[in-house]
Amino acid sequence: NAIGPIYLNTTANTQTIYVRLENTTTGCVSTIAPLNLVVNPLPAPVAPTPLEICDDDGDGFATFDLTVKDAEIIGAQVNMSVT
């Protein structure tokens with residue numbers, strides 16, 4: 001059955017979708033091999049604890065390494081990266 005121009009996936013499982021092409025002039029029809037629709041979950045970042053550093057020389061500047069919070073932001077999620 002046709003699914004229309006907008007498709008709402010109602011399951012979390014992989015679904016197989018077939019593509020049917022029709023030439024409206026000749027009426028010729030072709031079916032393309034199945035496509036697997038895989039819906040990946042949205043990332044759920046965790047708000048990190050504050051990142052603090054002392055201004056040892058009193059000039060108002062400090063260097064922060066933001067990557068030290070990556071694991072905290074990712075939490076227990078897998079296959080995620082922070083950019």
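Okay, let's start with burial: of the 83 residues in this chain, just 4% count as buried. Keep in mind that we're looking at a predicted model.

So what is the overall shape? For 83 residues, a compact globule would have a radius of gyration near 12 Å, but this chain comes out at 25 Å. If you lay a box along the principal axes, the C-alpha atoms fill roughly 80 × 30 × 20 Å. The accessible surface adds up to about 7,400 Å², and carbon and sulfur atoms hold 59% of that. As for contacts with a separation of 6 or more, 26% are between residues 24 or more positions apart.

Here's a nice pair to click on. Asparagine 1 and threonine 49 are 48 residues apart in sequence, and their C-alpha atoms sit 50 Å apart in space. Asparagine 1 belongs to the segment before β1. Is asparagine 1 buried or exposed? The cut-off for exposed is over 50% relative accessible area, and asparagine 1 has 99%, so it counts as exposed.

Now the secondary structure. How many helices and strands does the chain have? One helix and two strands. Starting at the N terminus, the order is β-β-α.

Let's look at the strands. β1 covers residues 15-22, β2 covers residues 29-37, and they pair in the antiparallel sense over seven bridges. Together β1 and β2 make a hairpin, with six residues between them. In that turn you'll find glycine 27, which has a positive phi of about 80 degrees. If you want to see the pairing for yourself, find isoleucine 17, which stands opposite leucine 35 in β2. Another example is arginine 20, standing opposite threonine 31 in β2.

Stay on arginine 20 for a moment, since it brings us to charges. Side chains of opposite charge can pair when their charged atoms come close. How many salt bridges does the structure hold? Two.

One of them joins arginine 20 to glutamate 22, with the closest N and O atoms 3.2 Å apart. Arginine 20 has a relative accessible area of 55%, so we call it exposed. Glutamate 22 is at 45%, so it counts as partly exposed.

The other salt bridge links glutamate 72 and lysine 69, and here the closest N and O atoms are 3.0 Å apart. Glutamate 72 is partly exposed, because its relative accessible area is 28%. What about lysine 69, buried or exposed? Buried means under 20%, and lysine 69 is at 12%, so it counts as buried.

Where does lysine 69 sit? In the loop between β2 and α1, and α1 itself is residues 70-74. And which residues does lysine 69 touch, leaving out those up to four places away in sequence? Pro48, Thr49, Pro50 and Leu51. Yes, that's the threonine 49 from our pair with asparagine 1.

Past the helix, have a look at asparagine 79, in the segment after α1. What is unusual about its backbone? Most residues other than glycine have a negative phi, and most peptide bonds are trans. Asparagine 79 has a positive phi of about 60 degrees, although it is not a glycine. Asparagine 79 is also exposed, because its relative accessible area is 80%.

Last topic: cysteines. A disulfide is a covalent bond between the sulfur atoms of two cysteines. How many disulfides does the structure hold? Zero. Cysteine 28 has 52% relative accessibility, so it counts as exposed. Cysteine 54 is at 61%, so it counts as exposed too.

To wrap up: we have a β-β-α chain with a radius of gyration of 25 Å, an antiparallel pair of strands joined by seven bridges, and two salt bridges. If you take one residue home, make it lysine 69, which is buried at 12% and forms a salt bridge with glutamate 72. That's it from me, thanks!

Note on methods:
Residues numbered from 1 in each chain as written. Predicted model: local features only at pLDDT ≥ 70, side-chain atom pairs only at ≥ 80, totals over all residues. Heavy atoms only, no water. Pairing = 2+ DSSP bridges. Helix = DSSP H or I, 4+ residues; strand = E, 2+ residues; numbered from the N terminus. Rg over C-alpha atoms; globule rule 2.2 N^0.38 Å. Buried < 20%, exposed > 50% of the residue type's maximum accessible area, 1.4 Å probe, protein only. Contact = heavy atoms within 4.5 Å. Areas by Shrake-Rupley, 256 points an atom, 1.4 Å probe, with all protein chains shown as cover. Disulfide = S-S within 2.5 Å. Salt bridge = Lys/Arg side-chain N within 4 Å of Asp/Glu carboxyl O.
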